[in-house]
Structure formats: structure tokens, C-alpha cells
Amino acid sequence: MISGCVAFRSAALALALAALLPAGAVWAAPEPPPATSVEAELVPGVYQAAPVDTPDQALTPQVYPPSVAEDALEPSDAPEGAYALVEYVPLGDAVGRVACSTRTGPYQRQVERWLELTVDGKQSAADCEAIRVFQVQHGIKPAIGFAGPVTWAHMQLLAARANPDAAKKCPVRTHRVACVDLGRQLTWVQQGEKVVFGPVPMRSGRAGYGTRTGWHTIYWRHKNHASTLYNTPMPYSQFFSGGQAFHAVYDTIHTTVGSMGCVNLRLQDARKLWDVLRTGDRVYVWGRRPGG
């Protein structure tokens, strides 16, 4: 009745992990997704166990009123370091553990513009050092000056904090509207022109399983939801379109492959959003996830 999504890493990840694992260790690589962008050639620059992302329901879940005891139970906290900002870097840089990358990143121009560098789309020693300093300041690892997707995503989050709807993409209403910006991978809630939650980073649906755009309505909230197919927790689920929901995941949301439609959040963000939204609140989704 319920299907799910797992966001897999690229085949290059298997090579990177093989190079970093101790001798004799065995790691089984998942089937890689089709390459949809230059990001598909990048790998996490810091060793991680390959995460199994929370399966997102594709079909409308069975709706029921949770008991008082169930609602009183708070989902468990995420493991320490679950949401660390791990940049995606070229395989050679990851294996070689370079101090400062000479490679031109997929977001080179955007990052150069943000840092007020010469915008030529080409990596230089000065570019690398400036990007590396930013990465150190904001806890992005490895801090090797590569203009990758995580660095650019964090810059977009910082830029959006003062006014996430500066471009007037999310409709202004007297009631609450949960805004889901697929292009910037950000979500927030506004009432009128006042932002009452966020913006926070998110992960939306991957190519072929995109988060549905347009107007939706929160129709069911289930604090301790779990996928019945994969028996995997989906804490603080707030369903707004069939099986698509806001919910927390217990690993990084900064992956180059998205979910199977749900809006994945860090646990602390999903918990705060749970306290802001109510059944019947409206959700507006627009744009397109980068790379798919």
C-alpha cells in the first residue's frame, strides 16, 4: 500500500569509501541513480557511513486520530553530527585529502559573487583561500575551498534569513502559508508579510519523483509516523499532498539526490514546524530542484 524513497549516492562514492576504509573492510555500494548534473560526479569529502534515507510515502497513508499516549511521546533526538555540513568534492580531492582544491566547482560563479571575488567562473588560489575561510567559519567540511553544492546552499540560506520572500514568489495571505522554494531548497511559513517560521534548509523530491507544485492543504499530522513498508521513522509528519509530507530525517538533508517527494527537514526544524502549522493550513510549492 505504501512505497518509499531512498536517496542513493553516486557510484563514485563507492570508490571514495573503498579508498578510505581500512584494509579488509567490505562496503556494499547501492545502485547509483542516473547522472542528472555535474554534481553526480562529486562525492562526500569526509568519510561517512552511507545513510539510508527515510522512505517517503508515495500513497496517501491511513489516517487515524493518534491516542493521547502516542501524541505525548516525542520522537528521539538525531545522532550527534547527523546534520553536519559535508561538502561534495571531486573524488581525487577526497582521496588525496588536498588542503586547497584547484578544481572549479559547479557553483564557482555564484560563490565568487557571494564572496565579492572576481566573477570569472575559474578557480584560483585566491578564490580557494576565500572559499576555504568561509567554509571554516561555517563548519563546512572538508574546508578545501571547493565551490560545491553544500557551500552554495548555505550561502543561499544566509542570504534568505532577512527576507526569504524578497522575490515575492510565495503568495501573501491573511492566513498561514507554508512556502516551499524548490529552487533554493528552502522552506518557511509566513502569515501576511510576517515570517513566523524559518527559513530552513530542506530536501525535496528527486528527478522523476518531484514534490508536487502549486497549492496544497495540511490534511493529517502524525508526530510519530513510520513507513509501514520499511519500518523507518518519519517524525513530525505533516501530510499535504497524497503521501507527500513535511517530516524529519535522521541523517543529512544535503545530498545531491533528493527524496521521493516529501520535504525532508532536520529534526529540530521539523519539531518547530510542528508547533507552527495546524491541520487545514495551506502549503504553496514552486520552482524546480537543482539538478532534477
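Is glutamine 185 buried or exposed? At 12% relative accessibility, glutamine 185 counts as buried, because buried means under 20% relative accessible area. The model shown in these views is predicted.

**View 1. Glutamine 185 sits in the loop between E5 and E6.**
Glutamine 185 is in contact with Val200, Pro201, Met202, Arg203 and Ser204, and also with Arg289 and Pro290; neighbours within four places in sequence are left aside. Arginine 289 is 104 residues away along the chain. The C-alpha atoms of glutamine 185 and arginine 289 are nevertheless separated by 6.9 Å.

**View 2. Four strands make an open sheet in the order E9-E10-E11-E12.**
The pairing is mixed. Strand E9 (220-227) and strand E12 (263-265) stand at the edges. Each of these two has a single partner strand, so one side of each is left without a neighbour in the sheet. From one strand to the next, the twist averages 30°. Helix H7 (residues 267-276) lies across E9, E10, E11 and E12. The helix runs at about 45° to E10.

**View 3. Strand E10 pairs with E9 and with E11.**
E9 and E10 run antiparallel and are joined by 7 bridges. In this pairing, histidine 225 has methionine 234 in E10 as its bridge partner. Strand E10 (residues 232-241) also pairs with strand E11 (residues 244-248), in the antiparallel sense over 3 bridges. Here phenylalanine 239 stands opposite alanine 245 in E11. The hairpin of E10 and E11 has 2 residues between the strands. Glycine 242 in this hairpin takes a positive phi near 60°. E10 is mostly covered, with 9 of its 10 residues buried.

**View 4. Two tryptophans form one of the 8 aromatic pairs found in a search of the whole structure.**
The ring centres of tryptophan 188 and tryptophan 286 are 5.8 Å apart. Their planes stand at 80°, so the pair is edge-to-face; the cut-off for that class is over 60 degrees. Tryptophan 188 belongs to strand E6 (residues 186-191), and tryptophan 286 to strand E13 (residues 282-286). The pair therefore ties together parts that are 98 residues apart in sequence. Both tryptophan 188 and tryptophan 286 are buried.

**View 5. Aromatic rings also gather in a cluster, and a charge sits over one ring.**
Tyr64, Tyr219, Trp220 and Phe239 form one aromatic cluster. Phe239 is also the residue opposite alanine 245 in the pairing of E10 and E11. Elsewhere, the charged end of arginine 221 sits over the ring of tryptophan 274. That charged end is 3.9 Å from the ring centre.

**View 6. The largest nonpolar core has 24 residues.**
Val180, Phe246, Leu265, Leu277 and Val283 have the most contacts inside this core. Strand E5 (176-181), strand E7 (194-201), E10, E11, E12, H7 and E13 each supply at least two of its residues. The largest share, 5 residues, comes from H7. A second, separate core holds 17 residues, including Leu42, Phe134, Phe146 and Trp152. In soluble globular proteins, nonpolar side chains tend to be buried together.

**View 7. Histidine 216 lies in strand E8 (residues 214-217).**
Histidine 216 has a relative accessible area of 10%, so this residue is buried. With neighbours within four places in sequence left aside, histidine 216 is in contact with Phe240 and Ser241 and also with Asp281, Arg282, Val283 and Val285. Among these, Val283 is also one of the residues with the most contacts inside the largest nonpolar core.

**View 8. Cis peptide bonds precede proline 142 and proline 199.**
Lysine 141 and proline 142 are joined with omega at about -5°. Proline 142 is in the loop between strand E4 (140-141) and helix H6 (149-160). Glycine 198 and proline 199 are joined with omega at about 5°. Proline 199 lies in strand E7.

**View 9. Arginine 97 and lysine 168 each have a positive phi without being glycine.**
For arginine 97, phi is about 50°. This arginine is found in the loop between helix H3 (91-96) and helix H4 (108-114). Its relative accessibility is 62%, so arginine 97 counts as exposed. For lysine 168, phi is near 60°. Lysine 168 is found in the loop between H6 and E5. At 57% relative accessibility, lysine 168 also counts as exposed.

Note on methods:
Residues numbered from 1 in each chain as written. Predicted model: local features only at pLDDT ≥ 70, side-chain atom pairs only at ≥ 80, totals over all residues. Heavy atoms only, no water. Pairing = 2+ DSSP bridges. Axes fitted to C-alpha atoms, helices over the stretch in contact; angles between N-to-C directions. Contact = heavy atoms within 4.5 Å. Phe/Tyr/Trp six-rings, centres within 6.5 Å; stacked < 30°, edge-to-face > 60°. Buried < 20%, exposed > 50% of the residue type's maximum accessible area, 1.4 Å probe, protein only. Lys NZ or Arg CZ within 6 Å of the ring centre and 35° of its normal. Core = buried A, V, L, I, M, F, W, Y, C linked by side-chain atoms within 4.5 Å.
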